[in-house]
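Q: Could you take a close look at the salt bridges here and walk me through the partners, where they sit and how buried they are?

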Amino acid sequence: MRRAGGVLALAAAFACAEGFAPGARVSLGIVPVFAEAAPLPGVLFGDLDVVRIRVARLPSNTVVLDTSVAVDTAGNVDLPVTVPLLSDPEEFEILLQGIRSSDNAVLYEGLDTVPVVAGTTSPPPVQIVVSYIGPCQVGSGCQVTVGPQLASLAQGDSVRMTVTVDSLGAPVAGVPVSFANLDTAFIRVRSSGYVVARTGTPGGAARVVADIRADADTLFLTVLPQTGPAPATVIVTPGYAALRAVAPNNTVQLADTVKDGSGNLLSPTLATWTSRNPSVASVSAATGLVTAGSTSGSAVIVAQAGTAADSIIVTVGNPASAPGDMLVAALTNARAFGVRRVGQAVTVDVRVDQLATADSLGSYTARYSWNPAVLRFDSTSAGTYAAPTVNDSSSAGVLRFAAVDANSKSGPLVLTRLWFTALSAGADGHALQISEMSGVSPAFYKYFENNRYVLVSGAGRITP
């Protein structure tokens with residue numbers, strides 16, 4: 001396959017034979033030619049990385065070849081193929097498709113019947129008329145737009161780019177967008193689409209180019225000069241929150257504490273709030289007010305001031321949709337992302353939030369695992385329940401435990417508290433599994449039997 005003025009030439013080699021005998025083979029050249037007279041959008045060539053070729057014998061329509069071949073970096077395809085002739089002449093149906101392998105989208109397609117005559121030593125190339133399918137409209141191509149334009153960033157702050165690709169106003173999905181940072185002294189561009197203002201610079205104008213090969217747009221922003229001490233740490237409180245998708249309890253107000261490198265308090269307004277899963281929980285960028293979405297699950301909420309940041313997990317349950325309304329988490333020192341130092345005591349609370357008021361939990365069985373090179377298990381203590389019975393040795397970094405309360409418990413619960421000692425720096429690698437939950441209300445069983453609960457994964461980290 002070769003790219004030339006919007007025409008792709010594909011050479012599919014069929015071994016050649018002199019004269020005809022059953023099983024003779026003939027060499028062909030296949031050239032796809034676009035039916036459209038207008039120039040094709042350039043994103044076609046940026047997206048196209050696979051060509052599919054299907055050859056079927058007529059009139060039986062027996063497929064003798066159906067394969068996909070990668071396009072090399074020069075835009076060529078080399079596919080040596082032999083197909084025997086059963087008669088002379090013989091007709092074959094040839095299907096050509098240009099494919100974007102990232103989502104298997106067909107970008108162009110052509111189907112034609114090709115007569116093949118034996119004994120021809122240098123047959124002329126066969127032209128297969130193909131039509132461009134997408135993703136952009138013929139003649140107009142795709143346009144890319146990047147925003148928000150003319151934003152001003154304090155040093156260390158960030159803004160997430162919004163990128164849209166459309167063709168004559170119709171949104172187009174799946175077109176790869178690349179970013180070019182034209183002012184690396186002032187900003188960093190992350191693969192997630194965030195632009196971060198560097199610290200320690202005089203500030204100035206910065207640009208990022210969003211490119212889809214056929215079109216480009218430039219994001220213009222300004223990095224402000226540094227004023228006052230730079231934020232060094234951010235702490236978000238509370239360290240974990242559980243919400244419901246419907247009121248009440250569908251919002252929570254988070255707070256942030258911002259300090260400089262000397263430990264002096266700075267204004268909390270220096271922090272900007274973002275949600276990494278806004279369909280589950282969104283957050284006000286300025287105030288830290290979190291509002292549950294309609295989807296059950298968990299979302300990481302981040303407060304960032306300069307280069308300093310802190311994150312927590314917000315969990316949302318919805319009694320009307322799976323996975324449900326019961327939220328189970330393992331919190332390290334009351335935080336979903338807990339941090340302790342070597343030698344310090346580490347507590348892990350196994351917590352259940354937002355059980356419906358009509359339900360109550362009578363017993364449970366759980367399994368907790370962790371990295372024993374980082375944490376040493378010491379003991380368990382009572383939470384809402386009595387201290388549980390531990391059924392496994394902790395030497396391999398696994399605990400199985402259970403507890404029973406004859407009267408049952410309702411509302412937010414701390415099933416148990418696990419005590420560890422931090423041995424060395426690293427991630428604790430903890431994982432919580434719930435294998436049994438029982439309650440006194442028949443309505444309770446729908447949560448466990450139908451897996452109508454959200455099991456939250458946090459992370460503990462030990463520093464030197």
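A: Happily! Across the whole structure, which is a predicted model, a search finds ten salt bridges. Let's go through some of them.

One of the ten joins the side chains of Arg-52 and Asp-66, with N and O 2.9 Å apart. Arg-52 belongs to strand β5 (residues 50-57) and Asp-66 to strand β6 (residues 62-70), so this contact ties together parts that are 14 residues apart in sequence. As for exposure, Arg-52 has a relative accessible area of 21%, so it is partly exposed. Asp-66 is also partly exposed, because its relative accessibility is 43%.

Strand β5 also holds Arg-54, whose salt bridge is with Glu-93; here the closest N and O atoms are 3.3 Å apart. Glu-93 is in strand β8 (residues 90-100), and the two partners, 39 residues apart, link distant parts of the chain. The burial classes are worth a careful look. With the cut-off for buried at under 20%, Glu-93 counts as buried at 17% relative accessibility, whereas Arg-54, at 22%, counts as partly exposed.

Further along the chain, Asp-325 pairs with Arg-244, and their closest N and O atoms are 2.7 Å apart. Asp-325 sits in the loop between β30 and β31 (326-332), while Arg-244 is part of strand β22 (residues 240-244). With their positions 81 residues apart in sequence, this pair too links distant parts of the chain. Asp-325 has 0% relative accessibility, so it counts as buried.

Conventions: Residues are numbered from 1 along each chain as its sequence is written. This is a predicted model: local features need pLDDT of at least 70, side-chain atom pairs count only at pLDDT 80 or more; totals for chains, interfaces and linings use all residues. Side-chain values use heavy atoms; hydrogens and water are left out. A salt bridge is a side-chain nitrogen of Lys or Arg within 4 Å of a carboxyl oxygen of Asp or Glu. Helices (H or I, at least four residues) and strands (E, at least two) are DSSP runs, numbered from the N terminus. Buried means under 20% relative accessible area, exposed over 50%, partly exposed in between (1.4 Å probe, protein chains only).
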